[in-house]
Amino acid sequence: FHPTDPDIIYIGAPSGGLWKTTVGGNDWSSTTDGLPSLGVSSIIVDYLDPDIVYMGTGDRDANDAPGIGVYRSTDAGQTWQEWNDGMGNKTVGRMIQHPTDNQLILAATSGGIYKTTDAGSSWVLKENGDFKEIVFKADDPSVVFASKSGQFFKSTDTGETWTQITNGIPSGAARGVIAVTTANPDVVYFLITTSTSYKATCRSTDAGNSFTVQSTSPNVMSWGCNGGSGGQAWYDLDIAADPTDEDVIFVGGVNVFKSTN
């Protein structure tokens with residue numbers, strides 16, 4: 001979303017480019033057809049200068065389009081330039097911009113966690129691995145959470161160094177997603193899955209230092225609206241926590257499930 005104009009929205013498709021609307025979604029246009037890859041898995045609109053848009057390329061979930069790192073636009077998406085110095089051709093699954101320093105961006109990529117302190121002019125690798133998820137603590141951006149292959153990582157120095165957290169998290173997961181909430185910044189949810197189905201929802205009340213398994217059923221990844229077998233958690237997977245109620249969470253798989261406890 002544009003930071004001040006709710007009618008301006010950007011959407012990325014796994015192999016269909018980046019699209020923009022200036023009229024609240026009533027029509028859309030794209031300027032990315034000529035780029036080397038049409039995969040878009042993450043977008044940042046700079047909150048201080050909304051004409052600057054960062055596009056994380058590649059299909060994070062199914063590899064239908066190759067990653068070519070980060071691209072940048074300085075004219076609100078009309079033209080694009082390669083912006084991946086130090087990163088190279090990585091699939092960029094998620095990017096987050098520091099809430100008070102717009103020059104600092106962290107990127108979860110197929111080749112690790114990358115950090116820039118100069119608005120993407122150069123990127124530095126901070127942690128190896130195929131990371132798909134990265135989230136700031138709700139009240140403290142020096143604390144960052146990330147996930148690769150169902151493992152949970154935490155940084156307390158704005159992404160400079162990382163530690164894997166295992167306390168209370170079941171082993172053997174294939175993928176995980178993270179939710180935080182301003183209702184209680186010390187609460188962190190970590191939902192983990194197998195390659196297809198639900199494994200567990202883990203909840204931390206100490207800012208991600210330890211977790212407790214909240215549930216392992218029903219299979220909220222299933223095609224069935226009441227759970228069931230199977231799913232495609234390798235592709236459809238997200239979690240969000242209510243910003244005003246720490247006990248309300250939403251999980252996206254094939255369907256959307258809600259918990260109030």
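**Note on the predicted model: surface patch, strands and salt bridges**

1. I11, W19 and W28 make a nonpolar surface patch of about 270 Å². This is a predicted model. W28 sits in the loop between β2 (17-21) and β3 (29-30). The relative accessible area of W28 is 32%, so W28 counts as partly exposed.

2. Next, the open sheet. Four strands form it, in the order β16-β17-β18-β19, with antiparallel pairing. β16 (175-180) and β19 (212-215) are the edge strands, and each pairs on one side only. From one strand to the next, the twist averages 30°.

3. Within that sheet, β16 and β17 (residues 188-193) run antiparallel and are joined by six bridges. One position to check by eye is G176, which stands opposite I192 in β17. Strands of a sheet pair through backbone hydrogen bonds, either parallel or antiparallel.

4. β20 (residues 238-241) pairs with β21 (residues 249-252) over four bridges, in the antiparallel sense. The bridge partner of A240 is F250 in β21. The two faces of β20 are not alike: I239 and A241 make the covered face, while D238 and A240 make the uncovered one. In a regular strand the side chains alternate between the two faces of the sheet.

5. The loop between β20 and β21 contributes two acids to one arginine. E246 forms a salt bridge with R203, with the closest N and O atoms 3.1 Å apart. R203 belongs to strand β18 (residues 198-204) and E246 to the loop between β20 and β21, so this pair ties together parts that are 43 residues apart in sequence. D247 also forms a salt bridge with R203, here with 3.4 Å between the closest N and O atoms. That pair links distant parts of the chain, with D247 in the loop between β20 and β21 and R203 in strand β18, 44 residues apart.

6. Accessibility for these three residues is as follows. R203 counts as buried because its relative accessibility is 15%, and the cut-off for buried is under 20%. E246 is partly exposed, with a relative accessible area of 23%. D247 is partly exposed as well, at 30%.

7. The structure holds ten salt bridges. Another of them joins the side chains of E160 and K115, at 2.9 Å from N to O. E160 lies in the loop between β14 (151-155) and β15 (163-165), and K115 in strand β10 (residues 112-116), so the contact ties together parts that are 45 residues apart in sequence. K115 is buried at 7% relative accessibility, whereas E160 is partly exposed at 35%. Side chains of opposite charge can pair when their charged atoms come close.

8. There is also a salt-bridge network to inspect. It links R60, D61 and R175. The edge strand β16 spans 175-180.

9. Last, a loop residue. N102 has its place between β8 (92-97) and β9 (105-109), in the connecting loop. Is N102 buried or exposed? With 14% relative accessibility, N102 counts as buried. Leaving out residues up to four places away in sequence, N102 touches D46, Y47, L48 and Q97.

Notes: Residues numbered from 1 in each chain as written. Predicted model: local features only at pLDDT ≥ 70, side-chain atom pairs only at ≥ 80, totals over all residues. Heavy atoms only, no water. Pairing = 2+ DSSP bridges. Axes fitted to C-alpha atoms, helices over the stretch in contact; angles between N-to-C directions. Buried < 20%, exposed > 50% of the residue type's maximum accessible area, 1.4 Å probe, protein only. Contact = heavy atoms within 4.5 Å. Patch = residues over 30% accessible without salt bridge, like charges linked within 9 Å, V, L, I, M, F, W, Y side chains within 5 Å. Areas by Shrake-Rupley, 256 points an atom, 1.4 Å probe, with all protein chains shown as cover. Salt bridge = Lys/Arg side-chain N within 4 Å of Asp/Glu carboxyl O.
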